[in-house]
Amino acid sequence: MCQHCDRGFPNLHGVRFDRRSLLKSAAAGVVTIGLPFAEAAHAAPDTTVPATTFKGTHGTGFCNSAYFISHMLQLAKNDGVTLQFVNTPTNADAVTFFATGQVDVSVLPYTSFLALHGAGAPVKIVGGGGIQGCTVIAQPGLDTPAKLKGKTLGTFQLDTLEVLPYDWMKMHGLSFKDIQVRYLGSTPEQVEAFKAGAIDIAGVIEPYATALLNDVKGSVLLSDGLDIYGPQYTDCVLAARTELIEKNPDGVTALIKAMLHGQYLFESEREKMLSELVGPYYKLSLENARIGATKQPPKVDQRAQTDFILTRVQSVIEMGYLKQAPSKDAIDWRLLEAAIKDSPDVYSKLEYKSA
């Protein structure tokens, strides 16, 4: 039984996907974030290129690390693009803001993107975010599928963190009818609920999965997604509004170039990057961040995951979020390919890239 609450995934029926359609109640909770303190030391030098500001939303996991580094260091500034984050009260609000054009770009779960695209939102995937790092964690003692019956799962609606538990339970002969599903608003809320024993099972993103396993002694890792999806499965993607792609392709290319650079810095200077990301972007200990960082690497070039994104939707359809699988026009890799062409030195050094 699912406990649908007002913090769940937005009801897309009848939504006007334009800038005037957002509910005032959601807008009241928005905070626009400029540059954190780390930017002062690392900002790209001023240039004469006319500045364009892209507003964006994001998630909380390490799948956002290249995106966060791009923002922290403003790596697209030399190409005339400033990235400005709009923080929203809940994960669902972040998706809603992107769907209705309150922001230009977003790093979000590919499952959330597919729901938006399927509902007619003018958005396209233009790059990758991160791979792997989705987990299903249970309270101590809940170490077999049979013990989960009647227990409560805390997750986020139409997130990869909802789909993974669904797929894992299906693989083990269970369904959501066998448990209670509680939709939460944010990762901090989920973490506190698990620590307090208010939920028995959680679909958790890295690095917070590592933190929970370390902080809640005896907690059980039921799945890290690799057992179901295999290595390098997609979690988050970079998506942009179609109008932005059409009007400012060079700006979107600049953002993707910045994220490729951000991925390179995360791979080559991880300790330095983590020391600056923890606090402003990740609310956990540096020790837990170090462990979690190895489990959800950034991967901006996810062209090799195209089939996964487009075909791993049967569960999403079964859950009632989609009527049919998306067509290939949901993804546009052209600007990613332009960014790679413009960044040969950086791209050649990346650990994770398409073959």
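Start with the surface of the whole protein: the accessible area is about 14400 Å², and 52% of it belongs to carbon and sulfur atoms (Shrake-Rupley method, 1.4 Å probe). What you're looking at is a predicted model, where local features need pLDDT of at least 70 and side-chain atom pairs count only at pLDDT 80 or more, while totals for chains, interfaces and linings use all residues. Residues are numbered from 1 along each chain as its sequence is written, and side-chain values use heavy atoms, with hydrogens and water left out.

Now switch to cartoon view. You should find 17 helices and twelve strands; these are DSSP runs numbered from the N terminus, with helices being H or I of at least four residues and strands E of at least two. Of the 355 residues, 58% count as buried, meaning under 20% relative accessible area, with exposed being over 50% and partly exposed in between (1.4 Å probe, protein chains only).

**Select residues 134–138.** This is strand β7, and five of its five residues are buried, so the rest of the structure largely encloses it. C134, V136 and A138 point one way, T135 and I137 the other. Next, add 201–205, strand β10: it pairs with β7 in the antiparallel sense over five bridges, and G203 is the bridge partner of V136. Then add 220–223, strand β11, which is also antiparallel to β7, over three bridges. There, V220 partners A138. (Strands pair if DSSP finds at least two bridges between them.)

**Select F113, L148, L238 and I256.** In the largest nonpolar core, which has 112 residues, these four touch the most other members. Such a core is a set of buried Ala, Val, Leu, Ile, Met, Phe, Trp, Tyr and Cys residues joined through side-chain atoms within 4.5 Å. Helix α11 (residues 249–268) gives this core its largest share, nine residues.

**Select residues 334–342.** Which residues of helix α16 are buried? They're L335, L336, A339 and I340. They sit on the same side of α16, because they cover an arc of only 145 degrees around the axis (taken from the directions from the helix axis to the C-beta atoms). Turn to the other side and you'll meet R334 and K341, both exposed. The cover over the buried residues includes β6 (123–131), α10 (242–247), α11 and α17 (344–349).

**Last stop: D93.** Look in helix α4, residues 91–99. D93 is buried, at 17% relative accessible area.

Note on methods:
Contact means heavy atoms within 4.5 Å.
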